[in-house]
Amino acid sequence: MKKTKRLYEGKAKILWETDSPGRMIQEFKDDATAFNGVKHEIISGKGVLNNQISSHFFTLLNEAGVTTHFVEKISEREMVVDRLEMLPIEVVVRNVAAGSMVKRLGIEAGRRFDPPIVEYYLKDDDLNDPILSEEHVTALGLTTHEFLAEMKTAALKVNSILTGFLEERGIRLVDFKLEFGLKDGRLVLGDEISPDTCRFHDATSGRIMDKDRFRQDLGGFIEAYNEVLDRVSS
Ligand SMILES: Nc1ncnc2c1ncn2[C@@H]1O[C@H](COP(=O)(O)OP(=O)(O)OP(=O)(O)O)[C@@H](O)[C@H]1O
Ligand SMILES: [Mg+2]
């Protein structure tokens with residue numbers, strides 16, 4: 001399979017068209033960004049780690065019957081994926097209060113939610129990815145009632161699979177963000193699942209093992225990502 005054309009470059013990844021119809025190459029960069037790109041740094045090796053961690057999670061989800069865009073990892077930084085028509089929606093699942101939710105609602109970080117909370121955000125940097133109600137999603141025609149319900153079911157299934165898998169490895173899955181797209185009229189999980197898009201805390205010490213180390217200048221960024229990779233590949 002050969003890259004033919006650069007289709008899109010985002011803050012963290014590059015998408016390449018290939019000579020294989022319907023298949024793309026997703027390349028992970030070393031750029032770390034936060035607060036909608038206001039904070040930006042190149043962290044050497046980050047892309048390699050996120051490609052490997054995402055490949056592990058997508059393989060696990062494919063085996064568990066979740067339809068994902070992941071085909072195979074082909075190099076340190078690249079994976080082959082099915083080309084999707086992305087929905088401009090970020091689906092966030094929260095097991096524990098953290099990040100923007102704590103700020104927005106003034107609740108204490110660490111508060112647990114059972115059942116977990118599912119939120120939707122409009123994927124629009126200019127508007128700073130505003131939160132959406134389910135009615136906003138359908139009223140704005142971002143997707144149909146059916147696909148919205150399917151996304152919620154899939155997101156909760158991903159949550160229970162990953163929560164169990166990570167618990168066995170001493171990691172608490174605090175929250176995570178998913179992106180979905182359509183292929184031949186079917187809903188498919190796309191993008192990445194990594195410490196950039198999830199919050200991982202050590203289940204014993206509570207130590208932060210995700211992009212919050214960059215957001216909050218805590219240091220030990222690559223060490224934390226390496227540790228996540230070590231644990232998910234064990
Ligand atoms: N299988 C896929 N088919 C088509 N587009 C995809 C697929 N998987 C992910 N994408 C899109 O590719 C882009 C990945 O790039 P990246 O994550 O760097 O940028 P971004 O999401 O636009 O910006 P941000 O930095 O806010 O994440 C995203 O827009 C994502 O929605
Ligand atoms: Mg992205």
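**Exercise 1. The surroundings of ligand 1**

Task: In this predicted model, work out how the residues of the shell around ligand 1 divide into nonpolar, polar and charged, and then describe which parts of the protein the ligand meets.

Solution. Sorting by class, the shell around ligand 1 holds seven nonpolar, three polar and seven charged residues. Next, rank by distance: of the 17 residues around the ligand, the nearest are Tyr8, Lys13, His69, Lys123 and Glu179. Then turn to the backbone, taking 3.5 Å as the limit for a polar contact between N or O atoms. A polar backbone atom of lysine 13 lies 2.8 Å from an oxygen atom of ligand 1, and a polar backbone atom of alanine 12 is likewise 2.8 Å from an oxygen atom of the ligand. On the nitrogen side, a nitrogen atom of ligand 1 is 2.9 Å from a backbone N or O atom of aspartate 82. As for cover, ligand 1 has 600 Å² of accessible area on its own, and the protein covers 88% of it. Finally, assign the shell to secondary structure: strand 2 (13-18), strand 3 (23-28) and strand 7 (78-82) are the elements that give two or more residues to it.

**Exercise 2. The second largest pocket**

Task: Determine how much space lies in the second largest pocket, and establish which element gives the largest share of its lining.

Solution. Begin with the volume, which is about 160 Å³. The residues that line this pocket include Gly65, Val66, Thr67, Glu150, Phe180 and Leu189. Mapping the lining onto elements, helix 4 (145-167) and strand 12 (186-190) are those that give two or more residues, and helix 4, with four residues, has the largest share. By class, the lining comprises six nonpolar, three polar and two charged residues.

**Exercise 3. An aromatic pair**

Task: Find how many aromatic pairs the whole structure contains, and classify the one formed by phenylalanine 57 and phenylalanine 165.

Solution. The search of the whole structure gives five aromatic pairs. For phenylalanine 57 and phenylalanine 165, the ring centres are 6.3 Å apart and the planes stand at 75°; since planes over 60 degrees apart count as edge-to-face, the pair is edge-to-face. Placing the partners along the chain, phenylalanine 57 belongs to helix 1 (residues 46-63) and phenylalanine 165 to helix 4, so that the pair links distant parts of the chain, 108 residues apart.

**Exercise 4. Two backbone features**

Task: Locate the cis peptide bond that involves proline 115, and say where asparagine 128, with its positive phi, is found.

Solution. The cis bond joins aspartate 114 and proline 115, with omega about 5°, and proline 115 has its place in strand 9 (residues 112-122). Asparagine 128, a residue other than glycine, has a phi near 60°, and this asparagine 128 sits in the loop between strand 9 and strand 10 (131-132).

Key:
Residues numbered from 1 in each chain as written. Chains lettered and ligands numbered in written order. Predicted model: local features only at pLDDT ≥ 70, side-chain atom pairs only at ≥ 80, totals over all residues. Heavy atoms only, no water. Near = heavy atom within 4 Å. Polar contact = N/O pair within 3.5 Å; in protein donor to acceptor, adjacent residues only side chain to side chain. Areas by Shrake-Rupley, 256 points an atom, 1.4 Å probe, with all protein chains shown as cover. Nonpolar A, V, L, I, M, F, W, Y, C, P; charged D, E, K, R; others polar. 1 Å grid on protein atoms, 1.4 Å probe; cavity = no way out; pocket = protein on both sides within 12 Å on 5 of 7 lines; lining within 4 Å. Points joined across faces, edges and corners; volume = space filled by probe spheres on them. Phe/Tyr/Trp six-rings, centres within 6.5 Å; stacked < 30°, edge-to-face > 60°.
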